[in-house]
Each structure stands twice: as structure tokens, then as C-alpha cells.
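Okay, thanks for coming, everyone. Could you pull up the model on your screens so we can walk through it together?

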Amino acid sequence: MPLFGSHVSAAGGVSKAVARAVEVGCDCLQIFTKNNNRWAAKPLSEKDIAAWRSAMDESTLSNPIAHASYLINLASPKDDLFQKSIDALVVELERGNQLELEGLVVHPGAFTTSDEADGLDRVIAGVTEALARVEPGSCRLLLENTAGQGSCLGHTIEQLATMIGGISDNKRVGVCLDTCHAFAAGYAIHTDDGFAEMMKEIRGKLPKGCIAALHLNDSKKPLGSRVDRHEHIGRGEIGLDAFRNVISDPLLSTLPGYLETEKGTDEETGEDWDKINLRTLRGLLAPEI
Ligand SMILES: [Zn+2]
């Protein structure tokens, strides 16, 4: 059975996320290790780190990862924002290593007033500098595929392959594959053929072992909309059958999958949405009676 989990709040301290993940029945979890809408971060204290480690040790959770700040833009043509993004990435990678996380997911960034080729070069240079400044540890940098909003890079497998291929220390980088983003970017994963086609491209273009994590989200917006709006599993434009394909695929089924769907409770049943979505995913793998 693959590992399924969710992005959970770390409000009150990173260790607090563990109990929240356990409560909804996660096998794995994703957190923000700092406020994701701010540049500044108070360093993690020895106490924060110890509390996180002991909470993780006492739980059955594995494969903890973090999502990096949304402010980071490694593709920016503006030197100040580019440098600020690298500095922020260094801090987030160091925090990931301190917390013994398996990965840090980052959106490659938007090239804004430059162009695709310059943007891709910037991402490669930015990641290369950040990795050179961080002592290697547990935390691998995971570039996430994007929906392709505006000038955001990473919406094609080709672009991800270019970025990974350009980073010489590429054992320390990988990809986090988001189902909603792939669909919004134009990969027709809602059909068997469309999904097979995307997987063929992944196998052909990305190095073996490159995809390290899945973001499991349905999409509110249609195929190719290039708009990033997550929906509960099986309740959006992608649909349940597609998720069965994703989590049964030989390349993907061994990876941890994290929900990034809306929190709260179902108005009709009062049940927690993470619980519902995790049950839906696990139900797709249950033998049919
Ligand atoms: Zn995602």
C-alpha cells in the first residue's frame, strides 16, 4: 500500500503538526517550516528540533517533507529578488536538514519580463548556488511541476528535465509531481490514454528515481486551463479513475502522496475532509468485492 498523507498546519511550532497528521490518519506529512508568505524566519531552536524529532519518533508517520515559501522566485530576472530567493532557499534547506525531512518542495518560479530560456537558466543557477551553500543532508530539493499560470516555469516535463539536467549536483534534486497542476497544464490524465502518454514522457525525459513525491489533488478547473485550483479527490475535473491510475502506476505507487486539498469538514456529514480524501484514496486500492 502506498503512503498517503496531507499538508498539515505547523501553527504553534513544527512538532504540533505531527499530532494533527496522526489525528486524520496520515502515513506521511508535509508542513511549512516557517511562515510561507514572509521572507523572515526565526531560527529553529534546539527545543523546536528536539520536540519535532521525538514527536515523529513516537508516531507511525514517515516521509516528512516541507513546502517552501511562495515568495521564492528562482526564475526572476530581477537580481535582488533572485538573490533573496536563493538566500531564502538556503535557509529552508537548512531547516529541512535540521528536521531530517526527506524533501523541500519548491515552485521553480516565473520569468516575468524575461523569457523561458533565461528563466530556466536562472533556476539552474539559483539551485546550484543554494545547494553549494548548504551542507548535504537528508533534505532533497524537489522542483514541483506547475499549472503554468502566467510565466510560471515547470509546467512541462521538458522544462523540468532541462532544469534537472542543468544542475550538476543532481542527486540532491528531484521532482514533486502534482496531479492538479499536470492536468491544468494540459496533461490529459483524466483519461487512460492521456495518463499513459504523460508517464511515457516522464520515463523518457526524467532521470530514473527523479520523481520523489506526489501531490494528490483533484482540479476545480478544466484541462489546460493553466489555473491552479485544488479540489477534493474525485470531486473535480480529474475524477476518481484517474487517481486509481496514478497510485497504481509502477513508477508512482511506491512514492509518498500528499493531499493539498481544502481543510474543514463536509457540511453534510460533518466529517473532516482530510479523513474523507485519505479514505477515498485508500479505497481505490482495496480489492473489489
Ligand atoms: Zn502542489
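**A histidine and its pocket**

So, let's start at His107, which is partly exposed, with a relative accessible area of 24%. Here buried means under 20%, exposed over 50%, and partly exposed in between, with a 1.4 Å probe and protein chains only.

Quick housekeeping: this is a predicted model, where local features need pLDDT of at least 70 and side-chain atom pairs count only at pLDDT 80 or more, while totals for chains, interfaces and linings use all residues. Residues are numbered from 1 along each chain as its sequence is written, and side-chain values use heavy atoms, with hydrogens and water left out.

Okay, who does His107 touch? Leaving aside residues up to four places away in sequence, His107 touches His67, Tyr70, Glu144, Thr146 and His181, where contact means heavy atoms within 4.5 Å. With His67 there's also a side chain to side chain polar contact at 3.2 Å. That term means a pair of N or O atoms within 3.5 Å; within protein, one must be able to donate a hydrogen and the other to accept it, and residues adjacent in sequence count only if both atoms are side-chain atoms.

Now the record: an unreviewed UniProt entry lists His67, His107 and Glu144 under "binding site". They're spread over 78 residues of sequence, yet they cluster in space, with a largest C-alpha distance of 9.8 Å.

And is Glu144 buried or exposed? Glu144 counts as buried, because its relative accessibility is 0%. Among its contacts are His67, His215 and Glu260.

Key. UniProt positions are given in the numbering used here, feature names are shortened, and annotations may be inferred rather than shown by experiment.
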